[in-house]
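Reader: I would like to learn how to read a protein model. Could you take me through it step by step?

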Amino acid sequence: MNPFLEELSRELATFRAAGLYRELRHLGSPQSPRIEMNGRPLLNFSSNDYLGLANDPVLKEAACRAIERFGAGAGASRLVCGSMAPHAELESALADFKGTEAALAFSSGYATALGTIGALLGPSDTIVMDKRAHACIIDAAQLCGAKLRIFRHNDVNHLEDILRQIQQRAPGSPGPRHSRTLVVTESVFSMDGDFAPLTAIAELKQRYGFWLMLDEAHATGIYGPHRRGMAEACNVAGQIEVHMGTLSKAIGSSGGFIAGARPLVSLLVNRARSFIYSTAPTPASAAAALAAIRFIQSPSGDDRCQRLWQRVEQLRVEMANRRMTWARNDTIRGCEERQAIIPLIMGDEGKAMRGAETLLCQGFFVPAIRYPTVARGAARLRLTLSAAHTADDVGALLEALEGLETRNPNVQSETPHA
Ligand SMILES: *Cc1c(COP(=O)(O)O)cnc(C)c1O
């Protein structure tokens, strides 16, 4: 073997030894409750397709029509070769949906965070974020060069301590303009399914005057009276400068977006590098997302969401009846209680892998999530429900879960995970 391959093989061996090796599985079917993985039929509890829209005819037909009319590819960045009707219509629908002046679509949620945080902050600024924020926010924070401060997961007191320190340092700070402070959190945490204390965070704004960015990746389309997300459910939307969402989860397509004031969107068009230097979303993905936004706002969308919460309630009640240990009590209760993401905390990485394997043998796909996606020693099976699951699907899963030993999520460690 040559030295390059030798070195890489050594590195991969350490992943294997630590139980952290990852491999792609071949999916031979659409994303739906029933999938074919590596040639085997499985019941799927892994996707973020909470409303079962990814394989819905409404989205597929919209995508096909857009391909017929606008082709398969967007050709280049929108600043170079123009915005197509599906992009403009999607953005106007997103602004309308979120109740903001404007919106901007990006090719992924990851690119949205990277471009937006980089457009708003530079080295003279400070970004303050939750310990368990998604990798795209962590990466964006590092890339933009701002000073990074991290508060303990959902700990508003710790957040306030940090804000107080920033405020005390601020007077006399050098630089061409006053320095900015951006607080970023997720409304629903991707690997825990729990909720940020949005009301309390928004209250801190009066005293500390920071800008607030909220990543609603796992809340868009399923929470709030108009399904706008947790900011709407908690009635704090007016206090958030930067609303972020993805089009890839409950929306069932792909891409990400920012919704907010028109000057924010104009600034992003001028400065967000992941928008400027990346080819526009395909007409098909923009059109599918647009169809999903319209669907979610319709009575059928309401029905679909109700079905999701029925499945969630079924699982919650049954797990409590069976005294399954992970039934959590540490979630921030307030604006919302229902979780479509249910982490079964296993702790040890090897144990999580064996749990996933046991379920797989019984025909269930529930992925093991390990470091660095979550902290070391906080490995888990991450179970998600969808409106497309039937009551029988959930019943079958419950039977299979009963054999698994898990531990209480309250003891989850807080070691860095990125
Ligand atoms: C999935 C996710 C993203 C990234 O979105 P993609 O569209 O998949 O790139 C961003 N933030 C959070 C919290 C997520 O869970």
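**Reading the ligand site and beyond**

Author: Gladly! Let's start at the ligand, where one of its oxygen atoms is 2.8 Å from a polar backbone atom of G109. Keep in mind that this is a predicted model.

Reader: Which side chains have an N or O atom close to an oxygen atom of the ligand, at 2.6 Å or at 2.7 Å?

Author: The side chain of H218 has an N or O atom 2.6 Å from a ligand oxygen. For the side chain of K249, the corresponding distance to a ligand oxygen is 2.7 Å.

Reader: How much of the ligand does the protein bury?

Author: On its own the ligand would expose 380 Å², and the protein buries 85% of that. Two elements each give two or more residues to the surrounding shell: helix 5 (109–120) and strand 8 (242–246).

Reader: How many residues are around the ligand, and which come nearest?

Author: There are 15 residues around the ligand, and G109, D215, H218, S248 and K249 come nearest. Sorted by class, the shell has four nonpolar, eight polar and three charged residues.

Reader: Now for aromatic rings. What describes a pair of them?

Author: A pair of aromatic rings is described by two things, the distance of the centres and the angle of the planes. This structure holds four aromatic pairs. Take Y223 and W309: their ring centres are 5.1 Å apart and their planes meet at 35°, so the pair is tilted. An angle under 30 degrees would count as stacked and one over 60 as edge-to-face.

Reader: Where in the chain are Y223 and W309?

Author: Y223 is in the loop between strand 7 (211–215) and helix 9 (230–233), while W309 is in helix 13 (residues 299–321). The pair links distant parts of the chain, with the two positions 86 residues apart. Both Y223 and W309 are buried, and together with F195 they form one aromatic cluster.

Reader: How do I tell whether a residue such as T181 is buried or exposed?

Author: Look at the relative accessible area: under 20% is buried, over 50% is exposed, and in between is partly exposed. T181 has a value of 15%, so it is buried. T181 belongs to strand 6 (residues 181–186). Beyond its neighbours within four places in sequence, T181 is in contact with T126, V128, L163, I166, F210 and W211.

Reader: And what about L8?

Author: L8 sits in helix 1 (residues 3–17). Its relative accessibility is 37%, so L8 counts as partly exposed.

Reader: What is usual for phi and for peptide bonds?

Author: Most residues other than glycine have a negative phi, and most peptide bonds are trans. Here, N154 has a positive phi of about 60° although it is not a glycine. N235 also has a positive phi, of about 65°, and is not a glycine either.

Reader: Where are N154 and N235, and is each one buried or exposed?

Author: N154 lies in the loop between strand 5 (147–151) and helix 7 (156–169), and at 10% relative accessibility N154 counts as buried. N235 is in the loop between helix 9 and strand 8, and at 69% N235 counts as exposed.

Reader: Which residues does a cis peptide bond join?

Author: Y371 and P372 are joined by a cis peptide bond, with omega about 5°. You can find P372 in the loop between strand 12 (368–369) and strand 13 (379–384).

Key
Residues numbered from 1 in each chain as written. Predicted model: local features only at pLDDT ≥ 70, side-chain atom pairs only at ≥ 80, totals over all residues. Heavy atoms only, no water. Near = heavy atom within 4 Å. Polar contact = N/O pair within 3.5 Å; in protein donor to acceptor, adjacent residues only side chain to side chain. Areas by Shrake-Rupley, 256 points an atom, 1.4 Å probe, with all protein chains shown as cover. Helix = DSSP H or I, 4+ residues; strand = E, 2+ residues; numbered from the N terminus. Nonpolar A, V, L, I, M, F, W, Y, C, P; charged D, E, K, R; others polar. Buried < 20%, exposed > 50% of the residue type's maximum accessible area, 1.4 Å probe, protein only. Contact = heavy atoms within 4.5 Å. Phe/Tyr/Trp six-rings, centres within 6.5 Å; stacked < 30°, edge-to-face > 60°.
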